[in-house]
Amino acid sequence: MAGTVSYVKPATETAAPPRFGSDHPMREVTRRIAADDRWWPERAPMVTAAFDELSVDWHETHSTELRLVPLEDGLDRGEIGGGRVVELGCGTGAGTERIARRMPLAAAVDISAGMLARADRALAPFVRADASALPFSAGSVDVLMLVNMFLFAAEADRVLAAAGRLVWVNTMGSETPIYLPPEAVVDALPGRWTAVAGYAGEGLWCVARRS
Ligand SMILES: C[S@@+](CC[C@H](N)C(=O)[O-])C[C@H]1O[C@@H](n2cnc3c(N)ncnc32)[C@H](O)[C@@H]1O
């Protein structure tokens, strides 16, 4: 165990502990990438094509109020701070819109051209890039936001400043296809990390920083 996670009390009555049972194929992809991102390059074209296809009706199904409760709660109670904020795997911008209400984003990144084509350009500078090889210099990002996004741990560690925060949100908790429990997030990151986490709505959030 490389890090520790403490939990805040659920903020809302609908908050629920994780349920078990998602065997979505993205679950395995998520675990493998977090364990070793050398697994990714060969699969990147296939996964990108899948998200391009999903982008057609993504926004309607993924921007509901309930889905965004965990992100809002993390932004409220995660002591995220500010600075240079970058979102990874922004999709069509459902989470981007909520983040941008609170703090300006330096960039919202996604690998899928289809997803980005459907995002509201006014929210942030949208950048098409691969989160395994980001176009940012080492230590140049203060906050990395990941909402239902794969964890490329080494690259996140590279771009985050010494006091940087990594915000992990699973909008449907353990039912989210791209899911890792907060303990697995801190364990995947290089070195020692400490996180605060909470359940909200149907999901969870976690804010990790170096110990
Ligand atoms: C499950 S979706 C989540 C989208 C959005 N955050 C949301 O919650 O609606 C994952 C997103 O991550 C993007 N993605 C997957 N791998 C990526 C990578 N290596 N670099 C950047 N974006 C990636 C996909 O294209 C997709 O838009």
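Reader: Let's start with the hairpin of β7 and β8. How many residues sit between the strands, and which residue takes a positive phi there?

Author: This is a predicted model, so let's read the backbone as it was built. The hairpin of β7 and β8 has 2 residues between its strands, and Gly201 takes a positive phi near 55 degrees. The two strands run antiparallel, joined by 8 bridges. For one facing pair, look at Tyr199, which stands opposite Leu204 in β8.

Reader: Which other strand is joined to β8, and in what direction do the two run?

Author: That's β6 (residues 160-170), joined to β8 by 6 bridges, and the two run antiparallel. Find Leu166 and you can pick out its bridge partner in β8, Ala208. Then go one step further: β5 and β6 are joined by 6 bridges too, but they run parallel. There, Met145 has Val167 in β6 as its bridge partner.

Reader: How do side chains sit along a strand like that, and are these strands mostly covered or hardly covered?

Author: The general idea is that in a regular strand the side chains alternate between the two faces of the sheet. As for cover, 7 of the 8 residues of β8 (residues 203-210) are buried, so that strand is mostly covered. β6 is mostly covered as well, with 8 of its 11 residues buried.

Reader: What makes a residue such as Val86 count as buried or exposed?

Author: You count neighbours. A residue is buried if 20 or more other C-beta atoms lie within 10 Å of its own, and exposed if 12 or fewer do. Val86 has 26 C-beta neighbours inside 10 Å, so it counts as buried. Val86 lies in strand β2 (residues 85-88). Leaving out residues up to four places away in sequence, Val86 touches Leu105, Ala106, Ala107, Val109, Phe136, Val141 and Leu144.

Reader: And how far apart in space are Val86 and Asp73?

Author: They're 13 residues apart in sequence and 18 Å apart in space, C-alpha to C-alpha. Now try Val56 and Gly114: 58 residues apart in sequence, but 7.5 Å apart in space, C-alpha to C-alpha. Val56 is found in the loop between α2 and α3. With 11 other C-beta atoms within 10 Å, Val56 is exposed.

Reader: What about Thr30: buried or exposed, and what is it in contact with?

Author: Thr30 counts as buried because it has 22 C-beta neighbours inside 10 Å. Its place is in helix α1 (residues 25-35). Setting aside neighbours within four places in sequence, Thr30 is in contact with Phe150, Ile178, Tyr179 and Leu180. Leu105, on the other hand, is 25 Å from Thr30 in space, C-alpha to C-alpha, and 75 residues from it in sequence.

Reader: Back to phi for a moment. Which residues other than glycine have a positive value?

Author: Keep the general rule in mind: most residues other than glycine have a negative phi. Two cases here go the other way. Glu79 isn't a glycine, yet it has a positive phi of about 50 degrees. Asn148 also has a positive phi, near 55 degrees.

Reader: Where are those two, and are they buried or exposed?

Author: Glu79 is in the loop between α4 (65-77) and β2, and with 10 C-beta neighbours inside 10 Å it counts as exposed. Asn148 is in the loop between β5 (141-147) and α7 (153-159). Asn148 has 24 C-beta neighbours inside 10 Å, so it counts as buried.

Reader: How do I check the span of a helix, say α2?

Author: Allow 1.5 Å a residue and compare. The 15 residues of α2 should span 21 Å, and the end C-alpha atoms are 20 Å apart, which agrees. Even so, α2 bends by about 25 degrees at Met46. It's hardly covered, too: the count of buried residues in α2 is 0.

Reader: Which residues of α5 are buried, and what do they pack against?

Author: In α5, the buried ones are Ala94, Gly95, Thr96 and Ile99. They pack against α3 (58-62), α4, β2, β3 and β5.

Reader: Last one: how many residues surround the ligand, and which are closest?

Author: There are 22 around it, and the closest are Phe51, Gly89, Gly91, Ser112 and Ala131. The shell divides into 13 nonpolar, 7 polar and 2 charged residues. The elements α2 (40-54), α5 (94-102) and β3 (107-110) each supply at least two residues of that shell.

Key. Residues numbered from 1 in each chain as written. Predicted model: local features only at pLDDT ≥ 70, side-chain atom pairs only at ≥ 80, totals over all residues. Near = placed C-beta within 6 Å. Helix = DSSP H or I, 4+ residues; strand = E, 2+ residues; numbered from the N terminus. Nonpolar A, V, L, I, M, F, W, Y, C, P; charged D, E, K, R; others polar. Expected span 1.5 Å × (residues − 1). Bend = angle between axes of the 7 residues up to and from the residue. Contact = placed C-beta atoms within 7 Å. Pairing = 2+ DSSP bridges.
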